[in-house]
Amino acid sequence: HRDNLQDAFKATASDVLSQSTTELLKLAEERFKAFIENSPAAISIKDLDRRFLMVNQTFEANHNLRRDELIGKTLEDMYSPEEAAVYTALERKVAETGEVIQQEVRPIRAPGIDLFLTTKFPIRNPKDEIVAIGTINTDISELGRTQAMLRQARDELEQRVKERTKDLAEEVAMRTRAEAVLRESEERLRLLLETTSAIPWE
């Protein structure tokens, strides 16, 4: 009976542990899905043929397309090859090199968004083979606009400096000419005075 009780206890403990592990994994998966789904960044996963396997709701909103309109499609199925070219080139590079790539890109028809920081990375299986490409697009439009304003302010300042430098150069040239004329006049006056003083007046 004692052995039977031990066996029963072990079986029960194993069941509880297995159930606990399953519940923990399920909870972790649910939390991860919620994190992805509610992320302000546009997140997607594509297979190596660049077909969408997964997108979150931000990605849907950016493209103004439903999930069922995206899954199984490529960007070229929805946009022109020219519009998709930058993204396609980056994804091919990730698939070929296995590197993580970050680059600022212009979005394809995303209302209100001027600039993305796109991060593309390989997704590997347990054998370390690349099986998919992940993408995170972060809206950096405000940063882009700020940078554009700073560049404009810098360009305007440089132009003003150039104009002021030109004005100063002209002022220096005018002053130099005026000083030369003044020296010439003083020399003429000196010569005139010397000549006049040499004339006998009586």
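1. Is Phe-59 buried or exposed? In this predicted model, Phe-59 has a relative accessible area of 3% and is therefore buried, the cut-off being under 20%. Phe-52 also falls in the buried class, at 2% relative accessibility.

2. These two phenylalanines form an aromatic pair, and the count of such pairs comes to 1. Their ring centres lie 5.2 Å apart and the ring planes meet at 65°; because planes over 60 degrees apart count as edge-to-face, the pair is assigned to that class.

3. Phe-52 and Phe-59 belong to the largest nonpolar core, which has 19 residues; they are listed with Leu-70, Leu-75, Met-78 and Tyr-87 as the residues with the most contacts inside this core. Two or more residues each come from strand S2 (52–55), helix H4 (75–78), helix H5 (81–97), strand S3 (101–105) and strand S5 (130–139). Helix H5 gives the most, with 4 residues. In soluble globular proteins, nonpolar side chains tend to be buried together.

4. Leu-70 deserves a separate remark. Residues up to four places away in sequence being left out, Leu-70 touches both Phe-52 and Phe-59, as well as Val-55, Glu-60, Leu-65 and Met-78.

5. A polar residue of helix H5 may also be considered: Thr-88 is found in this helix. Thr-88 has a relative accessible area of 6% and is buried. Its side chain makes a polar contact with the side chain of Glu-76, at 2.8 Å. With neighbours within four places in sequence set aside, Thr-88 is in contact with Arg-50 and Glu-76.

How values were computed
Residues numbered from 1 in each chain as written. Predicted model: local features only at pLDDT ≥ 70, side-chain atom pairs only at ≥ 80, totals over all residues. Heavy atoms only, no water. Core = buried A, V, L, I, M, F, W, Y, C linked by side-chain atoms within 4.5 Å. Buried < 20%, exposed > 50% of the residue type's maximum accessible area, 1.4 Å probe, protein only. Contact = heavy atoms within 4.5 Å. Phe/Tyr/Trp six-rings, centres within 6.5 Å; stacked < 30°, edge-to-face > 60°. Polar contact = N/O pair within 3.5 Å; in protein donor to acceptor, adjacent residues only side chain to side chain.
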